[in-house]
Amino acid sequence: MTTTLYGLSTLDSDLQDRFFDVLFEEDGVVDALKPLVLFDGLPLAERWHENLGIAPENHNELWTQLADAVLVLLDHQSQESTDCRWAYMTPIVNSGKLHLQNEEQFREFTEYPFYEDQRKVRPTIRATEMQFGSGVMNEGYSVPKKEWSKQFWNECKKRTECFAPPPDKPTASYDLPRTLAEIRSVWSDLADHFSDTDEFTHVQPKRDASFGFCFYALALTQEGLASSGKLLTAKLALRMLAELYITFSYLISVGDRKLWDVYRAYGAGQAKLTFLKLEEILENQPGYLNKESVEALANEDMYMDFQDINLGNWANIDLRKMSQVAGCKDVYDAYYSWPSSYAHGQWCAVRDVVFTTCHNPLHRLHRIPRAAPRYEDGAEEDLVLLLNKILELLNGIYPGFERRAELMSTNSAQC
Ligand SMILES: [Zn+2]
């Protein structure tokens, strides 16, 4: 019915004879089709074996030959794929099951690929095959045809190995020890700036938060860079830096002193909530939580019995809106959204880090685990950029801090 291995097996035997006679008149056909003998489930296997011989002891060369052929067909729009799809449709057109609209279309089909502009003809053929290719078969034909197709891929999978591309070796693009020393020295300069500008001993929510954001950003940057800027956690550090920057920008741009109090009180409330959970709910205290220090944090500004616990976001506005108010939606888009996929373990992040595509064409581009997690994208420049943007904000409200962090290059270390 159609020009397929299964379709051939449904023809009358005299038609099959004629098909084989014509097919094997051409030179090189035996070599080209030899890999067919590899398949146990090949329709009309005996007839093929009469013409192609039996599978040799060493199969490897034939599997490779088949893989090369399949490779060019995996792209369903390649020239070779289009040829196959044309061949598949030709008997359907010739038998009248598909009526072409006019003579022009008929000639495009029958004289393919020599009639008309092929840039127009090839997409037409592909579209026709997609639309009508499987629709003209009855079940008695299509079910066993699909069965053979399934068996073909199953045999390919069972009898050939996966091939994982070798991972790129991550190399730090900067001098790690010198860069970390640089970050530590920014910390020390920032501590000096804190002392130089400190005048009071009462609670100063705006000042403490502003400097706190910067020190916290330095810690995050240091950790992101220490893992060569390429580990999964470097992306999480980026996301945290973006959130810090947006929060800091928002607090500054709203310009309401009370908002800094809200920010501080909300954090203290979180410590109280955690302390109460440790007291009342959690039977087994997690190792990372120290009850005494959480209690001390909760009670630091005000005895916690007098504190409210607010749930939800501290400012009752989500981070995206905060970034709009503060005019830094670009940072949200560039550094928060995508790293959030990694923080939440969403599919694309999981796929990216742990899976790769098997390069054996006979396996149809399925996913296989990597030999090791993918650590190829360097976040180092982005970490430093966000850190410096946060320091810039501080300098705007507590001037006199011009120091910025930089990545120390490996080249300059050798000079
Ligand atoms: Zn595979």
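1. I would begin with C358, which counts as buried because its relative accessibility is 0%. This is a predicted model, and the values discussed in these points should be read with that in mind. The sulfur of C358 (SG) is one of the protein donors of the zinc ion, together with C162 (SG), H363 (ND1) and H366 (NE2), and these donors lie 2.1 to 2.4 Å from the metal. Another of these donors, H363, has a relative accessibility of 6% and therefore counts as buried, since the limit for that word is under 20%.

2. The arrangement around the zinc ion deserves a careful look. Its site is tetrahedral, with angles of 103 to 117° among the four donor atoms. For comparison, the ideal angle for four tetrahedral donors at a metal is 109.5 degrees. Along the sequence, the donor residues follow the spacing C-x195-C-x4-H-x2-H, which a student can trace by starting from C162 and moving on to C358, H363 and H366.

3. Among the residues of the zinc region, L365 should be checked for its backbone. Its phi is near 55°, which is a positive value in a residue other than glycine. L365 is placed in the loop between β1 (355–357) and β2 (367–369), and with a relative accessibility of 42% it counts as partly exposed.

4. A positive phi also appears at L44, where the angle is near 60° and the residue is again something other than glycine. L44 belongs to the loop that runs between α3 (29–33) and α4 (45–52). Its relative accessibility of 21% means that it counts as partly exposed, because the word buried is kept for values under 20%.

5. Another backbone feature to inspect is the peptide bond between Y112 and P113, which is cis, with omega at about 0°. In the chain, P113 is found in the loop between α7 (103–110) and α8 (118–132).

6. What surrounds S210, and is this residue buried or exposed? S210 sits in helix α11, which covers residues 205–226, and it counts as buried because its relative accessibility is 0%. If neighbours within four places in sequence are left aside, the residues in contact with S210 are F248, W260, L394, I397 and Y398.

7. D12 offers a contrast to S210, since D12 has a relative accessibility of 53% and so counts as exposed, whereas S210 is buried at 0%. D12 is located in the loop between α1 (5–9) and α2 (13–23). Its C-alpha atom is separated by 23 Å from that of E26, a residue 14 places away along the chain.

8. On the surface, W347, V350 and V354 form a nonpolar patch, and together they have about 270 Å² of accessible area. W347 is part of helix α18, which spans residues 347–354, and it counts as exposed because its relative accessibility is 52%, a value just on the far side of the limit of over 50%.

9. The structure holds 19 salt bridges, and a few of them are worth following residue by residue. D117 pairs with R119 in one of these bridges, with 3.1 Å between the closest N and O atoms. Here D117 is partly exposed, at 33% relative accessible area, while R119 counts as exposed at 67% relative accessibility.

10. A further salt bridge links D175 with R178, whose closest N and O atoms are 3.9 Å apart. The two partners fall into separate classes of accessibility: D175 counts as buried at 13%, and R178 counts as partly exposed at 31%.

11. The salt bridge between K321 and D318 has its closest N and O atoms 3.7 Å apart. K321 is partly exposed, with a relative accessible area of 45%, and D318 also counts as partly exposed, at 37% relative accessibility. Elsewhere, D17, R47 and E50 are joined into one network by salt bridges that share partners.

Key
Residues numbered from 1 in each chain as written. Predicted model: local features only at pLDDT ≥ 70, side-chain atom pairs only at ≥ 80, totals over all residues. Heavy atoms only, no water. Helix = DSSP H or I, 4+ residues; strand = E, 2+ residues; numbered from the N terminus. Buried < 20%, exposed > 50% of the residue type's maximum accessible area, 1.4 Å probe, protein only. Contact = heavy atoms within 4.5 Å. Donors = N, O, S within 2.8 Å, 3.2 Å for Na, K, Ca; no water. Tetrahedral: all angles 85-135°; square planar, octahedral: opposite > 155°, others 65-115°. Patch = residues over 30% accessible without salt bridge, like charges linked within 9 Å, V, L, I, M, F, W, Y side chains within 5 Å. Areas by Shrake-Rupley, 256 points an atom, 1.4 Å probe, with all protein chains shown as cover. Salt bridge = Lys/Arg side-chain N within 4 Å of Asp/Glu carboxyl O.
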